[in-house]
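Q: I'm new to protein structures and would like a close look at one part of this one. Please start with the aromatic rings and lead me on from there.

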There are 2 protein chains.
Amino acid sequence: MRLEIISVGDELLKGHRVNTNAAFIARAFAGIGMPVGRVVVCSDLEHEIVSVFAESLERADIVLVTGGLGPTRDDRTKKAVQQLLERGVELSQEAYQNLAGRIKKRGLAMSALLRDQAMVIEGSYVIPNTKGTAAGMIIACGERFHHHSLVLMPGVPSEMKAMMELTVIPYFAVLSDTVLRHTPIKTLGIGESTLADMIVDVEDHLPEGTTLAYLPHATGVNLMISTLGRDREMVDRDNRAVVDAIVRRADKFIYATSEVTLEETIGSMLVSGGQRVAVAESCTGGLLASRLTDVPGSSSYFLQGFVVYSNEAKHSALGVPEETIKRFGAVSEEVARAMASGCLERSGADVAVATTGIAGPSGGSPEKPVGTLCLAIARKNSDDVFSRTLFMLGDRAQNKLRFSEAALRELWEILRCG
Amino acid sequence: MRLEIISVGDELLKGHRVNTNAAFIARAFAGIGMPVGRVVVCSDLEHEIVSVFAESLERADIVLVTGGLGPTRDDRTKKAVQQLLERGVELSQEAYQNLAGRIKKRGLAMSALLRDQAMVIEGSYVIPNTKGTAAGMIIACGERFHHHSLVLMPGVPSEMKAMMELTVIPYFAVLSDTVLRHTPIKTLGIGESTLADMIVDVEDHLPEGTTLAYLPHATGVNLMISTLGRDREMVDRDNRAVVDAIVRRADKFIYATSEVTLEETIGSMLVSGGQRVAVAESCTGGLLASRLTDVPGSSSYFLQGFVVYSNEAKHSALGVPEETIKRFGAVSEEVARAMASGCLERSGADVAVATTGIAGPSGGSPEKPVGTLCLAIARKNSDDVFSRTLFMLGDRAQNKLRFSEAALRELWEILRCG
């Protein structure tokens with residue numbers, strides 16, 4: 001069973017929009033053992049849509065399309081399908097009811113432009129849109145296209161996602177006869193080639209049907225172990241064996257073997273240890289607090305954050321001695337330690353993390369260049385305040401992200417070692 | 001001149017990675033008047049790469065490829081090109097020097113695996129890699145492929161971006177004979193169809209070569225006005241005329257007609273008004289401070305942030321009366337106002353923004369459901385504290401983002417009205 005995704009839209013081709021829809025659809029179908037073979041992004045031009053659809057329908061059993069179903073005039077997908085399949089459109093009563101209800105709720109009047117959102121290609125299986133107005137469709141393309149299927153969904157991510165979850169995936173799941181299992185291995189503090197060297201023998205002896213992919217990202221590298229087969233038990237066993245072998249070799253760089261973030265991992269460690277955290281941030285500007293509070297339920301262990309950009313704020317909010325700032329500079333391990341200690345004391349937390357540094361683009365000096373980070377971690381009932389200085393090479397946004405990642409990494413290390 | 005982009009990599013097809021590279025490349029080439037006609041994502045399988053390359057080289061004058069140049073065994077792009085063009089590889093001295101220097105800096109030894117990173121397709125124009133080890137290539141594909149060009153770059157975004165900026169764009173810019181001008185129109189507080197109604201007459205009379213695209217995103221909708229032509233003056237004039245006409249019709253919803261963020265716009269307003277800002281956050285958890293401090297130079301107007309998750313912190317850090325919290329609840333306009341006033345006073349800022357709400361997934365009640373946001377803005381020399389309550393429908397991450405967006409929107413409104 002071959003699948004392809006077509007994303008329609010000039011905004012994608014012009015680079016004004018990143019194609020997150022294709023990634024979502026690919027992941028969802030992989031989950032039911034139907035991997036995607038190709039993704040094509042094409043323009044809003046009707047003749048271009050027609051030819052891309054025709055090519056994909058030659059190769060693929062199922063062609064999943066997003067975009068071009070909206071009410072504005074750059075939306076040409078339905079017109080292109082009419083031309084390609086030589087079919088008309090008809091009003092879907094179900095889609096019309098949904099549309100009318102939504103319009104009424106918003107206090108708008110029905111118009112011809114809006115009514116068109118409930119028109120579907122003749123003979124379509126209608127995909128209800130629970131998040132918007134445009135109807136989706138599953139279309140059997142007939143003998144000329146080898147009875148392959150065309151699935152039309154809107155390009156608005158929330159609408160597409162709801163359609164996928166409620167209708168499209170359940171509809172196609174029954175057709176799949178293979179099982180696909182993915183296990184992510186999430187690492188920190190290690191580079192791609194060092195990790196590759198460490199697990200070379202595992203990679204040399206992967207079971208049939210199992211692949212290992214390196215996913216380097218802004219702050220490190222993750223692995224993805226994928227196993228495809230027909231027997232669920234064997235697929236699970238083969239996948240597990242590879243994951244276990246890698247964990248044995250690289251244990252101390254691995255924080256998770258499931259789809260959790262470092263923030264979530266830290267949250268679970270804090271909860272199970274009965275500890276509460278507070279942060280004091282200069283160069284990360286609130287990002288560290290924001291990442292920790294991205295986790296549902298974080299209010300049970302995240303107490304308080306201090307974003308102290310100015311020297312006055314470092315002194316007044318955290319009690320950092322003015323003299324320490326004067327003597328060592330605002331970006332120094334001494335100030336970071338004073339920030340962490342002040343944060344611990346004033347918040348009543350069990351562990352406090354502090355960052356001070358230079359995110360850039362300006363503010364650097366030869367001794368303390370842009371990208372310098374001083375971080376400190378203080379803990380209750382311990383006079384020993386951990387601190388270290390790191391150097392990053394990035395622009396402001398990258399540095400903020402890497403600074404926050406480094407702080408989380410050290411916190412993880414400290415929580416792990418107890 | 002037709003361009004296509006090919007992104008090689010199973011991680012993209014499996015949806016483990018979003019294709020940001022294609023968006024970057026498309027935007028960069030659009031900037032020199034060379035729009036991209038199609039993007040194709042294909043797997044790491046050698047035969048698949050060969051057939052996708054062959055198809056694109058039939059249609060496009062320039063085919064831009066990312067991915068598959070790394071040192072690990074899932075990197076097959078060079079092998080595929082060797083097969084397709086029937087050419088060998090040769091060592092690039094330039095690339096080898098770069099490679100050896102990088103390896104030395106990191107204290108590693110040269111290996112056969114690493115040396116392969118400096119091998120290029122015979123007769124290539126080598127693209128230096130200033131951020132990594134894999135050499136890039138521009139390859140003239142010969143008569144069989146109509147003398148079309150193939151450009152190979154690594155999939156690591158920072159390496160690809162540096163290659164694009166330093167080599168690829170300057171190399172191809174001399175070939176372009178058209179001019180493309182994009183102008184974004186950034187709006188807030190208005191939906192897609194309302195905006196469309198407001199500017200329907202402009203859209204009905206777009207000059208030839210000019211297109212108008214709607215770019216809805218998580219918190220609103222932006223427009224992109226694009227004009228393509230051969231005469232720079234005419235292109236600029238046509239583009240400007242459309243932008244002006246839209247601004248006349250929707251002025252109060254538009255915060256920028258250039259590539260600036262709302263945070264940057266607010267930063268400029270604060271600087272020009274000589275005002276300094278502080279924030280007090282509960283439900284946004286540091287995200288509001290982080291967004292404001294994403295702007296280079298924000299340390300000149302951003303004083304301090306208080307992330308007060310617990311009731312104790314709201315009281316101790318900001319002086320919110322315990323009685324106010326008890327009587328109205330932590331999520332109330334009364335508490336938001338007390339947070340804003342406390343923040344203003346304790347930070348010494350000219351304007352203070354406070355958020356308290358329920359990001360979810362738990363913590364809601366019938367009167368205050370998940371998605372409730374109370375926000376307040378206090379200003380120096382004014383007893384009048386602005387406050388309002390809003391309701392969002394999203395998951396935790398979406399709500400945090402929309403909460404912070406709403407706070408920025410109100411701050412923008414207040415700064416604008418003086």
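A: Let's begin with Y171(A), which counts as partly exposed because its relative accessibility is 36% (buried means under 20% relative accessible area, exposed over 50%, partly exposed in between, with a 1.4 Å probe and protein chains only). This is a predicted model, in which local features need pLDDT of at least 70 and side-chain atom pairs pLDDT 80 or more, while totals for chains, interfaces and linings use all residues. Residues are numbered from 1 along each chain as written, chains are lettered from A and ligands numbered from 1 in written order, and side-chain values use heavy atoms, without hydrogens or water.

Right beside Y171(A) in the numbering comes F172(A), and this residue counts as buried because its relative accessibility is 1%. Over all chains, the structure holds eight aromatic pairs (rings of Phe, Tyr and Trp, with its six-membered ring, whose centres lie within 6.5 Å; planes under 30 degrees apart are stacked, over 60 edge-to-face, the rest tilted). One of them joins our two residues: the ring centres of Y171(A) and F172(A) are 4.9 Å apart and their planes stand at 65 degrees, so this pair is edge-to-face. Another edge-to-face pair is formed by Y309(A) and F302(B), with 5.6 Å from centre to centre and 85 degrees between the planes. Y309(A) sits in the loop between β14 (302-308) and α13 (311-318) of chain A, while F302(B) belongs to strand β14 (residues 302-308) of chain B, so here a ring pair joins two chains (helices, H or I with at least four residues, and strands, E with at least two, are DSSP runs numbered from the N terminus). Both Y309(A) and F302(B) are buried. Back at our starting point, Y171(A) and F172(A) belong to a cluster that ring pairs build together with F29(A) and Y125(A).

Now let's step back to see the chain around these rings. Chain A has 16 helices and 17 strands, and its C-alpha trace spans about 80 × 60 × 40 Å along the principal axes. Of the 418 residues in chain A, 55% are buried.

Charged side chains make links too. Over all chains there are 36 salt bridges (a side-chain nitrogen of Lys or Arg within 4 Å of a carboxyl oxygen of Asp or Glu). In one of them, R2(A) meets E4(A) at 3.1 Å from N to O. R2(A) counts as partly exposed because its relative accessibility is 25%, whereas E4(A), at 0%, counts as buried.

A second salt bridge connects K380(A) with D350(A), whose closest N and O atoms are 3.8 Å apart. K380(A) lies in the loop between β16 (372-379) and β17 (386-391) of chain A and D350(A) in the loop between α15 (333-347) and β15 (351-357), so the bridge ties together parts 30 residues apart in sequence. Of these two partners, K380(A) is partly exposed, with a relative accessible area of 44%, and D350(A) counts as buried at 18%.

In chain B, E405(B) and R291(B) form a salt bridge with an N to O distance of 2.8 Å. E405(B) is in helix α16 (residues 396-417) of chain B and R291(B) in helix α12 (residues 287-292), so parts 114 residues apart in sequence are tied together. Both ends are covered: E405(B) counts as buried at 9% relative accessibility, and R291(B) counts as buried at 10%. Finally, salt bridges that share partners join R2(A), E4(A), R38(A), R59(A), E48(B) and E55(B) into one network.
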